[in-house]
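Some labels given to parts of a structure rest on cut-offs, and it is fair to ask how each label was earned. Please look over the structure shown here before reading the questions.

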Amino acid sequence: MRADARRNHDRLLTEARTVFAEHGTDASLEDVARRAGVGIGTLYRHFPNRHALMSAVFEGAVNELLDRARELESASHPCQALLTWLHEVVVHAAEYRGLSKALMSASSDSALSRCGTPMTEAGTALLTRAQEAGTVRPDVRIGDLLRLTHAIALAVEESPGDPDLADRLLQLTLRGLT
């Protein structure tokens with residue numbers, strides 16, 4: 001990528017992060033382009049659709065969650081490690097209004113849903129470890145847990161006045177896992 005194209009790309013990502021955090025994932029892409037100092041055509045040359053832009057924006061946070069999952073794989077309490085990671089997934093999803101809804105509705109071949117593959121793999125490692133330790137039922141599936149985290153993030157998003165809601169819902173979920 002040429003230097004000017006790289007600068008445009010980086011500015012678009014920076015501004016998209018800000019706009020999505022302020023206004024949610026349904027925010028105006030024209031606003032993202034304007035704040036980045038480029039035209040909408042430049043945005044679409046770098047990111048062919050909203051899901052591609054969202055995927056690029058959230059890639060950094062996903063990488064942090066993947067690193068965190070690897071750290072937690074060696075934790076002494078596998079069930080607590082799984083719960084900690086799921087809580088961090090909820091916190092991440094809640095940072096951007098509309099992210100959970102977008103992830104839940106993304107088609108399986110979209111750029112946004114492809115972010116989910118490494119997350120599923122990381123979560124599977126934590127879940128398997130907790131199941132092998134006998135602290136989580138063997139019939140629990142990581143896909144179900146990730147859907148629950150997105151549902152919790154949606155609930156938190158709709159209840160901004162209840163800062164403890166995510167923890168309560170995750171604890172309730174945990175009781176259903178054992």
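The questions and answers below concern a predicted model.

Q: Why is Asn 8 called buried?
A: Asn 8, which lies in helix H1 (residues 3-23), has a relative accessibility of 17%, and because buried means under 20%, Asn 8 counts as buried.

Q: What makes the link between the side chains of Asn 8 and Arg 11 a polar contact?
A: The two side chains are joined at 2.6 Å, and since the cut-off for a pair of N or O atoms is within 3.5 Å, the pair qualifies as a polar contact. Leaving aside neighbours within four places in sequence, Asn 8 is also in contact with Val 38, Thr 42 and His 46.

Q: How do you know which helix supplies the largest share of the largest nonpolar core?
A: The core has 32 residues, and Leu 82, Trp 85 and Leu 86 are among those with the most contacts inside it. Helices H4, H5, H8, H9 and H10 each supply at least two residues of this core, but the largest share, nine residues, comes from H5.

Q: Why does the lining of the largest cavity count as having one polar and no charged residues?
A: The lining residues are Cys 79, Leu 82, Leu 83, Leu 86, Leu 170, Thr 173, Leu 174 and Leu 177. Because Leu and Cys count as nonpolar, whereas Thr falls among the polar residues, the lining has seven nonpolar, one polar and no charged residues. The space in this cavity is about 40 Å³, and H5 and H10 each supply at least two residues of the lining.

Key
Residues are numbered from 1 along each chain as its sequence is written. This is a predicted model: local features need pLDDT of at least 70, side-chain atom pairs count only at pLDDT 80 or more; totals for chains, interfaces and linings use all residues. Side-chain values use heavy atoms; hydrogens and water are left out. A nonpolar core is a set of buried Ala, Val, Leu, Ile, Met, Phe, Trp, Tyr and Cys residues joined through side-chain atoms within 4.5 Å. Buried means under 20% relative accessible area, exposed over 50%, partly exposed in between (1.4 Å probe, protein chains only). Helices (H or I, at least four residues) and strands (E, at least two) are DSSP runs, numbered from the N terminus. A polar contact is a pair of N or O atoms within 3.5 Å; within protein, one must be able to donate a hydrogen and the other to accept it, and residues adjacent in sequence count only if both atoms are side-chain atoms. Contact means heavy atoms within 4.5 Å. On a 1 Å grid over the protein atoms alone, a cavity is a set of points where a 1.4 Å probe fits but cannot get out, and a pocket is an open set with protein on both sides within 12 Å along at least five of seven lines; lining residues have an atom within 4 Å of a point. Grid points are joined across faces, edges and corners, and a volume is the space filled by probe spheres set on the points.
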